[in-house]
Amino acid sequence: MNTAPNLEDDRTTARLRTRRMWIIAAAVVFVLILSVFIGRYPRPGLTSVSDLLDNELARTLVLHLRLPRILAAFLLGAVLSAAGAVFQMIFRNPLVDSGFLGVSSGAAFGASLGIVYFGGSALGVQSAAAAFAFLGLAASYLIARRIRWGDWIFRLVLAGISIGALYSAGTGILKYLADPQKQLPDITFWLLGGLWAITWPDLWQVLPVAAAGLVIMVLMRWRLNLLAMRDETAFSLGITPGRERIVLLAAAVAATAVLVSKAGQITWVGLIVPHIARRIVGSDAQRMLPASILIGGIFVLVCDDLARAVLSGEIPLGILTSLFGTAVFIALLSTRRLRLKS
């Protein structure tokens, strides 16, 4: 059998996907630079270079408010997308993201608890959000071990749905008990998501954990292809699937929890971005995961630019990611069946 044409096709496909990765990377640089000049001061729209040079207030605003927010938005999109890609491959389910296993709903419950009972301090809200996000993961795992029917993936899906529903009920109770004049608006705005309060100290607080989580996921991306197989197959190829899945899940959840504790609930990013990346660079995690990180950063950064520049008042970021994420999801469903190659 002549395999030369197939090898040539593979090389052509690999070169095409490499070029696409470079195009995505160039788009990241372009969007990051453009975002620096987008805002509503000194006038709505684009801030000119002369304004930055001549207007001290505009320069201060860009350096101390706009720049950390831009970096936080890109980091948020990168982490949510990478975590979504990891979840989808490990659980062999293309319809899960970082909200799976009760992580996001746990963070929402923890933040609401911090607002109602811990005085609403930033440290209290963020600590409670991160703690309950991890608790959601642990509870999902323990409940899945006690379910006596179905395979492991199915049990974990059921446990995650149960924990998410339980946390949602708890958040509803806390909203009912909250002070309607102060605490309830704080909970509502946190649940809508947004980066309007991000400053340099906030970015430095989340950067170590978020960066460490991203580095672990990127370094272990080639193993995701093996972990997407059944345990017997993965074990025969020389890896320990249980231990490596725990390492990847811990990295994904930790990075997600610290950013969600600052930004509130940002949905749809981790679900749709990995699918977009697969269409552009293929299902191989070695390219798909870095592409998801870059595309996710662009997606959230563009949404945040619109959130802070379109209207005189801030549009909650979570509303825009849901709006555009739903539109993209419907487009994906309409044009091609969602599937995950193993």
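# Helix packing, salt bridges and local backbone features

The axes of α3 and helix α8 (residues 200-219) approach within 10 Å and cross at roughly 25 degrees, where axes are lines fitted to C-alpha atoms, for helices over the stretch in contact, and angles run from 0 to 180 degrees between N-to-C directions. That angle makes α3 roughly parallel to α8; angles under 35 degrees count as roughly parallel, over 145 as roughly antiparallel, 65 to 115 as roughly perpendicular and the rest as oblique. The model is predicted, so local features need pLDDT of at least 70 and side-chain atom pairs count only at pLDDT 80 or more, while totals for chains, interfaces and linings use all residues. Residues are numbered from 1 along each chain as its sequence is written, and side-chain values use heavy atoms, with hydrogens and water left out. Helices (H or I, at least four residues) and strands (E, at least two) are DSSP runs, numbered from the N terminus.

**Helix packing**

- Two packed helices are described by the angle between their axes and the distance between the axes.
- The crossing of α3 and α8 is left-handed, a term that applies if the near helix is turned anticlockwise from the far one by less than a right angle, with right-handed used if clockwise.
- The axes of α3 and α13 come within 7 Å, with a crossing angle of roughly 140 degrees.
- This angle makes α3 oblique to α13.
- The contact of α3 with α13 has 17 nonpolar, 5 polar and 4 charged residues; Ala, Val, Leu, Ile, Met, Phe, Trp, Tyr, Cys and Pro count as nonpolar, Asp, Glu, Lys and Arg as charged, and the others, Gly among them, as polar.
- The crossing of α3 and α13 is right-handed.

**Salt bridges**

- Side chains of opposite charge can pair when their charged atoms come close.
- The model has 8 salt bridges, each defined as a side-chain nitrogen of Lys or Arg within 4 Å of a carboxyl oxygen of Asp or Glu.
- Glu314 forms one of these with Arg69, and the closest N and O atoms are 2.3 Å apart.
- The Glu314 and Arg69 pair links distant parts of the chain, 245 residues apart: Glu314 lies in the loop between α13 (285-309) and α14 (317-335), and Arg69 in helix α3 (residues 56-90).
- Arg69 is buried at 8% relative accessibility, whereas Glu314 is partly exposed at 34%; buried means under 20% relative accessible area, exposed over 50%, and partly exposed in between (1.4 Å probe, protein chains only).
- A network of salt bridges links Arg69, Asp304, Asp305, Arg308 and Glu314.
- Asp51 and Arg43 are joined through their side chains by a salt bridge with an N to O distance of 2.5 Å.
- Within that pair, Asp51 is buried at 14% relative accessibility, while Arg43 is partly exposed with a relative accessible area of 40%.
- A further salt bridge joins the side chains of Asp186 and Lys182, at 3.5 Å from N to O.
- Lys182 is exposed, with a relative accessible area of 51%, and Asp186 is partly exposed at 34%.

**Helices α4 and α11**

- Helix α4 (residues 103-117) has 15 residues and an expected span of 21 Å at 1.5 Å a residue, which agrees with the 21 Å between its end C-alpha atoms; the expected span of a helix is 1.5 Å times one less than its number of residues.
- Of the 15 residues of α4, 14 are buried, so this helix is largely enclosed by the rest of the structure.
- Gly119, just after α4, takes a positive phi of about 80 degrees.
- Helix α11 has 23 residues and reaches 32 Å from its first C-alpha to its last, close to the expected 33 Å.
- Because 18 of the 23 residues of α11 are buried, α11 is largely enclosed by the rest of the structure.
- Gly264, just after α11, takes a positive phi of about 85 degrees.

**Individual positions**

- Trp268 is found in the loop between α11 (241-263) and α12 (269-281).
- Although Trp268 is not a glycine, this residue has a positive phi of about 75 degrees.
- Trp268 is partly exposed, with a relative accessible area of 24%.
- Gly282 lies in the loop between α12 and α13 and is buried at 6% relative accessibility.
- Gly282 and Asp179 are 103 residues apart along the chain, and their C-alpha atoms are separated by 50 Å.
- Ser322 is found in helix α14 and is partly exposed at 22% relative accessibility.
- From C-alpha to C-alpha, Ser322 and Ala257 are 19 Å apart in space, and they are 65 residues apart in sequence.
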